[in-house]
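Visitor: I have a structure on my screen and a list of "how do you know" questions. Can we go through them together?

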Protein chains: 2
Amino acid sequence: MDDLTEMLKGTLEGCVLEIIGSEETYGYAITRRLNDLGFADVIEGTVYTILLRLERNGLVQVTKRPSGVGPPRKFYELNEAGREELAKFWAKWQYVSSRIDRLKEGRG
Amino acid sequence: MDDLTEMLKGTLEGCVLEIIGSEETYGYAITRRLNDLGFADVIEGTVYTILLRLERNGLVQVTKRPSGVGPPRKFYELNEAGREELAKFWAKWQYVSSRIDRLKEGRG
DNA sequence: AGTGGTACTCGGTATCACACAGTACCGCTT
DNA sequence: AAGCGGTACTGTGTGATACCGAGTACCACT
């Protein structure tokens, strides 16, 4: 699938929140997870900017731990604000995607 | 529903293409249509920038006609390139939305 | 010593929706 | 006729976001 970047704007951050919410994890692994999900072109730089933003906005708790196979990892967990943001994201997604699907089906 | 602007990036243009594709229409009416669809905060300026972009990218054919209730209207129709772009948009949408839904359901 | 995989940072760019101000046509009321 | 509200398009500038590219650095293995 060719360039998805514009369509991912506003949703990729939510996807990262969801991934963190389901399991404490770190940037490099999140990138691989997104690639496996089908977002093959999402690269590390993009994910790290999102993670820094989440941290700056106080949605995550960060813990640095040694890795054993490379440099230390920064593990991310959602805090209460992060869980609220995630819930808001899915509400928005539900709202938007249902309306776009309706338009697509010609029932708009 | 609060601010949807980021989530609409990359999809709003596709929605406008779909609306034009289903019926020859003009900017002001497209805006009202989007508002009725549930995208209440989309304003005229936004739609007009999209329409100018579509025109610049050669995806539409434009016809100016007098209105009777105001200034003349610029009616938009999809040309062949526009129909191809619309098909590509829906393919992308299908691809992205199905994967995000899968992530949401925990089947990612 | 060199290579490749792992892991994070940072400055800059492009694109997009949006804000805002402006222009202009028309029917209606006062 | 003057003003108002609804209709309709244009153009400049802003902010948020994903992406790019280069750099730094740790570690295992050869």
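Visitor: Which residues come nearest to DNA strand D, and how many residues are around the strand?

Guide: A quick note before we start: this is a predicted model. There are 27 residues around DNA strand D, and Arg53(A), Tyr28(B), Tyr48(B), Arg73(B) and Lys74(B) come nearest. To count as near, a residue needs a heavy atom within 4 Å of the strand.

Visitor: What part of DNA strand D do the atoms within 4 Å of the protein belong to?

Guide: Sugar or phosphate for 79% of them, and bases for the rest.

Visitor: What makes the pairing of Arg53(A) with DNA strand D a polar contact?

Guide: Let's put the value beside the cut-off. A polar contact is a pair of N or O atoms within 3.5 Å. A polar side-chain atom of Arg53(A) sits 2.6 Å from a phosphate oxygen of DNA strand D, so the pair qualifies. Ser67(B) also has a side-chain N or O atom 3.2 Å from a phosphate oxygen of that strand. For Glu6(B), the partner is a sugar or linking oxygen of DNA strand D, 3.5 Å from a polar side-chain atom.

Visitor: Which elements give two or more residues to the surface near DNA strand D?

Guide: Chain A offers helix H1 (5–8), helix H2 (12–22) and H4, while chain B offers helix H3 (27–37), H4 and strand S3 (73–78). The largest share, 4 residues, comes from H4(A). By residue type, that surface divides into 11 nonpolar, 8 polar and 8 charged.

Visitor: On to the other strand. Which residues come nearest to DNA strand C?

Guide: Lys9(A), Tyr48(A), Arg73(A), Lys74(A) and Arg53(B), out of 29 residues around DNA strand C. Of the atoms of DNA strand C that come within 4 Å of the protein, sugar and phosphate account for 78%.

Visitor: How do you know which part of Lys74(A) meets a phosphate oxygen of DNA strand C, backbone or side chain?

Guide: Look at which atom is in the pair: a polar backbone atom of Lys74(A) is 2.7 Å from a phosphate oxygen of DNA strand C. Gly27(A) uses a polar backbone atom too, 3.4 Å from a phosphate oxygen of that strand. With Arg53(B), a polar side-chain atom lies 2.6 Å from a phosphate oxygen of DNA strand C. The cut-off is 3.5 Å, so these pairs count as polar contacts.

Visitor: Which elements give two or more residues to the surface near DNA strand C?

Guide: From chain A, they are helix H3 (27–37), helix H4 (44–56) and strand S3 (73–78); from chain B, they are helix H1 (5–8), helix H2 (12–22) and helix H4 (44–56). H4(B) gives the most, with 4 residues. The tally of residue types on this surface is 13 nonpolar, 8 polar and 8 charged.

Visitor: Why are S2(A) and S3(A) called paired strands?

Guide: Pairing takes at least two bridges. S2(A) and S3(A) are joined by 6 bridges and run antiparallel, so they pass that test. Along them, Val62(A) stands opposite Tyr76(A), and Val60(A) faces Leu78(A). S1(A) and S3(A) are also antiparallel, with 2 bridges, and there Tyr26(A) stands opposite Phe75(A).

Visitor: What is the order of the strands in the chain A sheet?

Guide: S1-S3-S2, in an open sheet of 3 strands. Strand S1 (25–26) and strand S2 (60–65) are the edge strands, each pairing on one side only. H2(A) lies across S1, S2 and S3 of chain A, at about 90° to S3(A).

Visitor: Why do S1 and S2 of chain B each have one side without a neighbour in the sheet?

Guide: The order in chain B is S1-S3-S2, in an open antiparallel sheet of 3 strands. Strand S1 (25–26) and strand S2 (60–65) stand at its edges with a single partner strand each, so one side of each has no neighbour in the sheet. S2(B) and S3(B) pair over 6 bridges, with Val60(B) opposite Leu78(B).

Visitor: How do you know how the two copies are related?

Guide: A turn of 180° and a shift of 0.0 Å along the axis lay chain B on chain A with an RMSD of 0.0 Å. The copies are therefore related as by a two-fold rotation axis. In chain B, the C-alpha nearest that axis belongs to Lys9(B), 3.0 Å from it. The same surface serves both copies, as 100% of the contact residues of chain B recur in chain A.

How values were computed. Residues numbered from 1 in each chain as written. Chains lettered and ligands numbered in written order. Predicted model: local features only at pLDDT ≥ 70, side-chain atom pairs only at ≥ 80, totals over all residues. Heavy atoms only, no water. Polar contact = N/O pair within 3.5 Å; in protein donor to acceptor, adjacent residues only side chain to side chain. Nonpolar A, V, L, I, M, F, W, Y, C, P; charged D, E, K, R; others polar. Contact = heavy atoms within 4.5 Å. Axes fitted to C-alpha atoms, helices over the stretch in contact; angles between N-to-C directions. Least-squares fit on C-alpha atoms with pLDDT ≥ 70 in both.
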